[in-house]
Amino acid sequence: MMKKIRASVPAKVILFGEHFVVYGKRALAAAINRRLVVEASSRERGGYHVKIASIPTFGLEMDLVTGEEKARPYKDYDAAANAIAYVRESIRYLEEKYGIGEGEGVEIEIKSEIPLSAGLGSSAATCVATIAALKAYFGVNGDLDVIREDANRVERRVQGAASPIDTAISTYGGYVLVKEGEVKRLHLAELNLIVGCIGSIPLSMGMATKKFSEMGLKTKKIVEQVKERKEVFKSIYDAIFDVSDAITAQAVTAIEESEFVKLGALMNINHGLLDAIGVVPRRLSELVKLSQELGALGAKVTGAGGLDEMGGVGSVVVLPGESGERLKGAMEIAGALVMDVETGGEGLKIEVGFD
Ligand code: PMV
C-alpha cells in the first residue's frame, strides 16, 4: 500500500490596505474559493519528483534526484520554473530545519486553480501546501502556526520579502487582519465578489511568457517604487497611509454590520489611494472604472497592482451589488479573466489516504 498525503489550501484577495501594510498599517485579506492542492506520495527511486499538473495552462516535471536536476518543460519553462522555485525551496528548508526527506523517494504533484502573478497568492499557497504535505508525509508536527511561519520564511527566501498576509490566509482560511506585522484571524460573514485578472496566464500567453521571469519580481519592484516615492513625498504619503489605516478599520465594521453600500464606497476610496501612490496601471484602472460605471457598489485593485511596462498584469476586486452579470461581460470584453469568488473559505485541509 502506498501512502498519499493531500494538502489543499485557498487563494486570497486583499480587500483593503495592500502596500500600506508594508509600513505597519492595517490590511484585511480573505480566502477565496479557488484552491491549490499538493499531493505527496512515495516513489521507488530516491529523490523528489515534482509534477505541476495544472497551474493554468502549463505543466512541468522536474526530477530533484540528489545533486542532479532534470527538467522537462511541456510548454513554458520560465513560468513553470518560477512556480517550482517555491517547491524546491520548501524541500530544502524542510531538509535543513527538520532533517527530513534526505534520500527518500517522494512524488509531488501540484494541481492549482489559482492564476499566476495575479496577486491571488499562488506563491504562498504553493509554499503552505508543499510544507504541510511533506510534514504530514514524514510525520513532523503539523502545528498550523509553525506551518505558516515556515511557509513565510520560504517565500522570503525565494522572493526577498513577503508580508505574512498570503501565507496566513492560505493556512487559516477565513479572514485575517494584519497590523504592524501581527496577524489576527477575524470571523466575518462571506462576501460574493468578482475578481478580474489582466494578462495572467492563460490570457495573453505571448506577453506573459516573454516577461514571466520578470513578472515573478513584479511585487518587489512595485513595493520598491512606492518606497522611493514615499521618501520624496514623505509628509503627503504619511497622510495617505493614515487614511488607508482608517479605511481598513471602518471596512471591518461595515462587513460586521452588513453595510454593503458603505463597504463599496470604502473600496472605491482605497482604490483612489492606490492610484495616488502610483500602483494602478491603465488596464486595471479601466476595469475599476467600468465596474463603477456599470453600478458596482465598489471596485479596487487587489494585491500589488501593476506596471504599464509589464502589460498591466494584476487583478481587481469588485463588490458587484445588483450589476454582476453585465459587469462580468464588460470586464471580459476589456480583456480580463473573470471569476466569481466567495470569501471566507476553509484554510489548510490535509487528507491521508492509501492507494
Ligand atoms: O500581489 P501580491 O499578492 O504580491 O500582494 C502584495 C501585497 C503588498 O502589500 C503590496 C506587499 C506585501 O508584502 O504586503
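Domain bounds here come from an automatic or database domain assignment. Keep that in mind, and keep in mind that this is a predicted model. Now the ligand. The shell around the ligand draws at least three residues from domain 1, which is 4–190 + 345–352, and at least three from domain 2, which is 193–342.

Who is in that shell? Here is the list. It starts with Lys 12, Ile 14, Glu 18 and His 19, among others. It also includes Val 21, Val 22, Gly 119 and Ser 163. Then come Asp 166, Thr 219, Gly 303 and Ala 304. By class, that gives four nonpolar residues, five polar and three charged.

Next, the polar side chains that reach the ligand's oxygen atoms. Take Lys 12: one of its polar side-chain atoms sits 2.6 Å from a ligand oxygen. Thr 219 has a side-chain N or O atom 2.9 Å from an oxygen of the ligand. For Asp 166, the corresponding distance from a side-chain N or O atom to a ligand oxygen is 3.4 Å. How much of the ligand does the protein cover? On its own, the ligand has 380 Å² of accessible area, and the protein covers 87% of that.

Let's stay with the glycines for a moment. Gly 303 belongs to the shell. Its C-alpha atom is 8.7 Å from that of Gly 121, although their positions lie 182 residues apart along the chain. Gly 121 is in the loop between strand E6, 105–112, and helix H2, 122–138. Is Gly 121 buried or exposed? It is buried, because its relative accessible area is 8%, and the cut-off for buried is under 20%.

Another glycine, Gly 47, is in strand E3, residues 47–55. Gly 47 has a relative accessible area of 6%, so it is buried too. Its partner in space is Gly 103: 56 residues apart in sequence, 5.7 Å apart from C-alpha to C-alpha.

On to helix H3. It covers residues 144–159. Why does its length make sense? It has 16 residues, and at 1.5 Å a residue it should span 22 Å; the end C-alpha atoms are 22 Å apart, so the two agree. The expected span uses one less than the number of residues.

Look at the two ends of H3. At the N-terminal end, Asp 143 is the cap. A side-chain oxygen of Asp 143 lies 3.1 Å from the backbone nitrogen of Asp 145. After the helix comes Gly 160, with a positive phi near 90°.

Which residues of H3 are buried? They are Ile 147, Arg 148, Asp 150, Ala 151, Asn 152, Val 154, Glu 155 and Gln 159. Pick out Glu 155 from that helix. Its relative accessible area is 3%, so Glu 155 is buried. Glu 155 also pairs up in space with Ser 123: the C-alpha atoms are 7.3 Å apart, while the sequence separation is 32 residues.

Helix H4 comes next, residues 165–172, and Thr 171 is in it. Thr 171 counts as buried, because its relative accessibility is 1%. A polar atom of the Thr 171 side chain lies 2.6 Å from the backbone oxygen of Thr 167.

Now two backbone oddities. Most residues other than glycine have a negative phi. Glu 180 is not a glycine, yet its phi is positive, about 45°. Where is Glu 180? It is in the loop between strand E7, 175–179, and strand E8, 182–186. Glu 180 counts as exposed, because its relative accessibility is 62%, and exposed means over 50%.

Ser 258 is not a glycine either, and has a positive phi of about 50°. Its loop runs between helix H8, 234–256, and helix H9, 260–276. At 45% relative accessibility, Ser 258 counts as partly exposed.

One last residue: Arg 6, in strand E1, residues 3–16. It is partly exposed, with a relative accessible area of 31%. The C-alpha atoms of Arg 6 and Ser 41 are 8.9 Å apart, and the two residues are 35 apart along the chain.

To close, go back to the ligand. Its shell takes residues from both domain 1 and domain 2, and the protein covers 87% of its 380 Å².

Definitions and conventions:
Residues numbered from 1 in each chain as written. Predicted model: local features only at pLDDT ≥ 70, side-chain atom pairs only at ≥ 80, totals over all residues. Heavy atoms only, no water. Near = heavy atom within 4 Å. Polar contact = N/O pair within 3.5 Å; in protein donor to acceptor, adjacent residues only side chain to side chain. Areas by Shrake-Rupley, 256 points an atom, 1.4 Å probe, with all protein chains shown as cover. Nonpolar A, V, L, I, M, F, W, Y, C, P; charged D, E, K, R; others polar. Helix = DSSP H or I, 4+ residues; strand = E, 2+ residues; numbered from the N terminus. Buried < 20%, exposed > 50% of the residue type's maximum accessible area, 1.4 Å probe, protein only.
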